[in-house]
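Dear colleague,

I am passing on the structure below, and after it I set out what was found there. Please read the notes beside the coordinates when you have a moment.

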Amino acid sequence: MIRKYSFNHSICEYEEFLTLKNETPRMSSKQFIKNNPKIFRFFRKLYYVVFKRHIYGLTAPIRTLPDFIVFAADRAGTSSLFHYLEQHPCICASDHDHLGFFDSNFDLGINFYKSFFPTILLKYYTKFRRKYFMTYDVTASYYRRPWSIQNILKTIPSVKLVAILRNPVDGAYSGFHKDSRLQNITFENAIKDELELLERERNDIEKNGYANIMQDSFLAKGFYEKQLKLWLNDFPKHQILFLTTEELTDNPEKTFKKIFAFLKLPDYKIENYKKQNVGKYKNKMNLTTRNFLIDFYKSHNKKLYELLESNFDWDK
């Protein structure tokens, strides 16, 4: 039977070892480590890098950091994009998409993050053969978690960024279906509840912005201007490429030409456009509801278009 290990489990085994040697500590090792934050952080990093990432963690010092990061609105096609990008011969994928380092696991340290990327040896071998090499992190949630911005800035300030946006009306419908808490109510009733929530949280929104409410509200996640303004406060506009799901779907070849030009890579024809993690809905959105949401997002979209100096034609 395979035993599953955790950080706490490892500490307990250490206590059992001391007991067998008849060396009972004055304070349990688990309690001692937890009561000493620096020691706790050290052992936690060690556990995740060595025991969770194995050889990848041990070889982290000779691994690269990403050359570009993709963040996105929810359900914007990032899973598909992750698989499309690695078809380019000069691009090597990370171990998997949605690494979540800069928003959820930053405390685990840079070696934990590097363990998901190719080695420096592969980088130079690829550059020797192809003249170019890039690797990337695709994590959609960085978009709505503003603390990711400072963490990226501290770690790789010159990294290129690709932001994928989606018509917020379609994003709201997709977010509704994704949220397991909303399975027993209609989309229209869910919208009504969300509008009441936004009204109740008005004071918090005015004080702290949309960062808190955006984690749970499928309507607020479509207020793109609020979030992207934070990114543009710290990263120059020329460092970020803004795309839409609609561009990727309707004209993928043109969109990838734009991506590769932004990354300063040779153009390449993507052969396999098979979609990944596609959402399936029993019914289409009610037309009256769609028109209501178009009006609801119109003022937010206008601010976004002004911020990016681009029009995505979502208001019809």
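To begin with one helix pair, helix 11 and helix 16 cross in a left-handed sense (a crossing is left-handed if the near helix is turned anticlockwise from the far one by less than a right angle, and right-handed if clockwise; helices are DSSP runs of H or I with at least four residues, numbered from the N terminus). Please keep in mind that this is a predicted model, in which local features need pLDDT of at least 70 and side-chain atom pairs count only at pLDDT 80 or more, while totals for chains, interfaces and linings use all residues. Residues are numbered from 1 along each chain as its sequence is written, and side-chain values use heavy atoms, with hydrogens and water left out.

Helix 11 covers residues 187–200 and helix 16 residues 287–308, and the two pack at an angle of about 25 degrees with their axes 11 Å apart (axes are lines fitted to C-alpha atoms, for helices over the stretch in contact, and angles run from 0 to 180 degrees between N-to-C directions). That makes helix 11 roughly parallel to helix 16, a term used for angles under 35 degrees. On the side of helix 11, Phe187, Glu188, Ile191, Leu195 and Leu198 meet Thr289, Phe292, Leu293 and Phe296 of helix 16, where contact means heavy atoms within 4.5 Å. By class, this contact of helix 11 with helix 16 has 7 nonpolar, 1 polar and 1 charged residues (Ala, Val, Leu, Ile, Met, Phe, Trp, Tyr, Cys and Pro count as nonpolar, Asp, Glu, Lys and Arg as charged, and the others, Gly among them, as polar).

Helix 16 also packs against helix 13: their axes come within 8 Å and cross at roughly 25 degrees, which makes helix 13 roughly parallel to helix 16. This crossing is left-handed, and in it Tyr224, Glu225, Lys226, Leu228, Lys229 and Leu232 of helix 13 meet His300, Lys303, Leu304, Leu307 and Leu308 of helix 16. The residues of that contact divide into 6 nonpolar, 1 polar and 4 charged.

Helix 13 (residues 224–234) has a further partner in helix 9 (residues 147–155), with axes that come within 10 Å and cross at roughly 20 degrees. Helix 9 and helix 13 are therefore roughly parallel to each other, and their crossing is right-handed. Ile149, Gln150, Ile152 and Leu153 of helix 9 make the contact with Leu230, Trp231 and Asp234 of helix 13, a set that comprises 5 nonpolar, 1 polar and 1 charged residues.

In the loop between helix 12 (202–208) and helix 13 lies Gln215, whose C-alpha atom is separated by 7.0 Å from that of Arg144, 71 residues apart along the chain. Leaving aside neighbours within four places in sequence, Gln215 is in contact with Arg144, Arg145 and Lys221.

Finally, there is the lining of the largest pocket to consider. By class, it has 11 nonpolar, 13 polar and 10 charged residues, and helix 5 gives the most to it, with 5 residues. The elements that give two or more residues to this lining are helix 5 (78–85), helix 10 (168–178) and helix 14 (245–250).

With best wishes

Terms used
Angles under 35 degrees count as roughly parallel, over 145 as roughly antiparallel, 65 to 115 as roughly perpendicular and the rest as oblique.
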